[in-house]
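Please find below a short note on aromatic contacts, charge placement over rings and strand pairing. The points are numbered for ease of reference.

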Amino acid sequence: MVTLLILLQFAWTNTPAIGSIFSISGFVQIVSTDRDVPPSQAVNGRTIYSDDIIRTAKDSFCKIIYNDRTTLVIVDPSSEIKLSDSQLSRNIHLHFGGMYLKNARANRKKSFIFTKSSQIKLKPVELWMAVSEDGGDEVHIIKHNLEVFNLHQNKKMKIVSGNVVYSYKDGFFETIKSNLDELPSYLFNSQLLSLHDKKKPEEFKIQEINYRSHDLIPLFGLGRWREKTIIEPSGFGMDLLVGKMDIGSDTYSKIGVYPRYNTRNFNLKFNLDGYLLSGNSSIDLNKIDDVYDVFDHLSYLQYSSKHRNFLVKIGSIDGISFGHGNLVKEYSNMLDYPRSKKTGVYMFLTTDTRNFSVDLFTASLRDFNEGGGVVGLHGSMFLSEYFPLTIGLGFVRDFNQFASVKDFISDENILNKNFSRGITAWEIDFTMDVYHNFLFDIYVYGELVGVWFPETHYYIREETTIETESCFPGYSFPCSIFRDGTWGINFPGVWVKYHHWWEFKFAFNLNSALHIPQYFGTTYDYERVRYTQYQSPSENPYADDAKDMLMEYALEDGDIVSEEVPFLLPKDIHSMTDHSQIKFPSLGYSFEAVYHFKKLVDANCSFSLFKDYTDSNSDSFYNYHLSLALQDNVLEYVSEAKVYYTQFFTNAPFDNEIYHENMLRGVKLGFKIIKSISIVVDYHDVFYDKEPDGIVDLVRTGGIDLKLNF
């Protein structure tokens, strides 16, 4: 026994003490490189020796201060580091996970961080970094500058404060602006990050910091491929733009001034653009008639709280989804700027622990003030880390689907009809955590959607189904069937995340007759109401109720059996006239694949199929979206790139012969001349009936701009 103590004492005295644990949260293990020293659980005040390995569990933190008070390290959950010191050097090996590091100017030793991919030379600096097991480094420079060396490329890069560098084992080596909002919230606690705090360790607990360790709740609200609020460095900035733009057959010269002001919590940007008409252009894009036209030049006015658990934004609303997207899917109010301008409001609120969150939006302040507009509310609740179930409840109301008719139709005879019709929808969704490791996160999910009509819908059913014999006994067929609403179920679903880059979702669908999945989709503003000319194919004694329903929205009196009658029909009623509805219960599936690499690359492919299961020869209906977005530094001399193609609930996918309001496509490319000057080419297509004459038109907006950033 005495011999063992002597050996241990000899070992310890030959491995110098370099620091101590100042505070811990959860289970933290210390492993000595000396095999005679068993692994031990860390406690406050525990001495750290050179070459010790520190491992944290998934819910744990560990704060270490070196004895010379010149270096501080905070080890994040599910991480492992090795600390090695000599008289001349200080080396930190981050094997996986994340950490915060502060290195003071008083540290005279040569100091480095080593990973599988990089060598980082430490000067006076503050940084946070994360390392994946396959050799991917993400290093955010919070204060001062830093040198990073990529081992594969044998190349060194100097990174300045406010930037993040991505250094990968395969040679990927790029830097972009850092977004502090994505970093752990404890980085904003100056007391925790102090090297000279005089409090006793046991009085300072990391678990008091605003952080939810399991952090499993999925965030909904603003979607993935939206035009994100771009937060430039704090202070004033400005973009200048000159160019040429075509909207359909109209041509304009364009001049734009886009001033912005940003702080950590407040962001403001205006679109002060002017359009000079060329030739006999028919649309005046510079008209300002009321205060809402002034608001429409607001790109964003945003306030967010210190820890980003409260956010309110006024301006463009793009890419809103609720739950798993079976009701609200990437909704946007800015599809056709500048021909169509709207100012919406979005609010996000969550508790400090993110157990509860709320999303609220209204798409148009103008429509809302006039008694119309789309309003949505979604709340979600995470039950417990021991029973990791997230439940969400959403509500959407379009108070008047005819509120924005004047955006697409100028015929006073039509506008004077003053139709009004609201529609209401609810959804409930759940997400259950199943499995997590360093590579995979797996969830199961489901969603139930209900849409309530303000009037009873009538339609003709030629055959019996499971819906009819039991619900409508005594009916003979064909007959008139009625519904006061529809429903759809998205279940069971499996959601797999791989390495925080890839996401895959797959689910089965069951829908009632007449149900339109993703009712409030990206193109909803073009589908709210549609002009059509309709004539009933033949006299049918069972169609009287359906004809009466249609005539409520007729623009002229007439007999739809003997002649075509013009209508302005809400979305769900219009589907009856163009055969884009399923009159029987339908089965289907939905699939989505997403690839996103930080803020550099964002690719998405989503696809849904629905089919009347009673008839194998019936039409199949589809929802699909394809998009790819690249930011600066991905391709040489390309400052930005985006291409997308979307269509909702169609039985004719990728049909370029007949246009539909539920379709959207576009491409945008920016070419960098020098750092602050670029050329931007932007073309996008929307579809609506301009005349109106019952024929959907392609309205293409495209142009080329010279853009200067200051």
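The points below take up the aromatic pairs, then the rings under a lysine, and finally one set of strands.

1. The model is predicted, and every value quoted in this note should be read in that light. A search of the whole structure returns 39 aromatic pairs; two of these pairs and one cluster are discussed here.

2. Phe236 and Tyr261 form a tilted pair, because their ring planes meet at 40° while the ring centres lie 4.6 Å apart. The angle falls in the tilted class since stacked pairs have planes under 30 degrees apart and edge-to-face pairs over 60. The two residues come from distant parts of the chain: Phe236 belongs to strand β19 (residues 235-247) and Tyr261 to strand β20 (residues 250-262), with their positions 25 residues apart.

3. The two partners of this pair fall into separate accessibility classes. Phe236 has a relative accessible area of 75% and is exposed, whereas Tyr261, with a value of 28%, is partly exposed. The cut-offs behind these labels are over 50% for exposed and under 20% for buried, with partly exposed in between.

4. A further tilted pair is made by Tyr458 and Phe482, with 6.3 Å from centre to centre and 50° between the planes. Tyr458 is located in strand β32 (residues 440-461) and Phe482 in strand β33 (residues 479-498), so this contact ties together parts of the chain that are 24 residues apart in sequence. Tyr458 is partly exposed, at a relative accessible area of 24%. Phe482 is likewise partly exposed, at 35%.

5. Aromatic contacts also extend beyond isolated pairs. Phe322, Tyr331, Phe361, Tyr519, Phe520 and Tyr524 are joined into a cluster by ring pairs.

6. Lys505 merits attention in any review of charge placement. This lysine lies over the face of Tyr445, 4.8 Å from the ring centre. Lys505 also lies over the face of Trp495, where the corresponding distance is 4.5 Å.

7. The last point concerns strand β5 (residues 52-56), which is mostly covered, with four of its five residues buried. Strand β2 (residues 28-31) runs antiparallel to β5 and is joined to it by four bridges; in this pairing Val31 stands opposite Ile53. Strand β8 (residues 80-85) also pairs with β5 in the antiparallel sense, over four bridges, and here Asp52 faces Leu83 of β8.

Definitions and conventions
Residues numbered from 1 in each chain as written. Predicted model: local features only at pLDDT ≥ 70, side-chain atom pairs only at ≥ 80, totals over all residues. Heavy atoms only, no water. Phe/Tyr/Trp six-rings, centres within 6.5 Å; stacked < 30°, edge-to-face > 60°. Buried < 20%, exposed > 50% of the residue type's maximum accessible area, 1.4 Å probe, protein only. Lys NZ or Arg CZ within 6 Å of the ring centre and 35° of its normal. Pairing = 2+ DSSP bridges.
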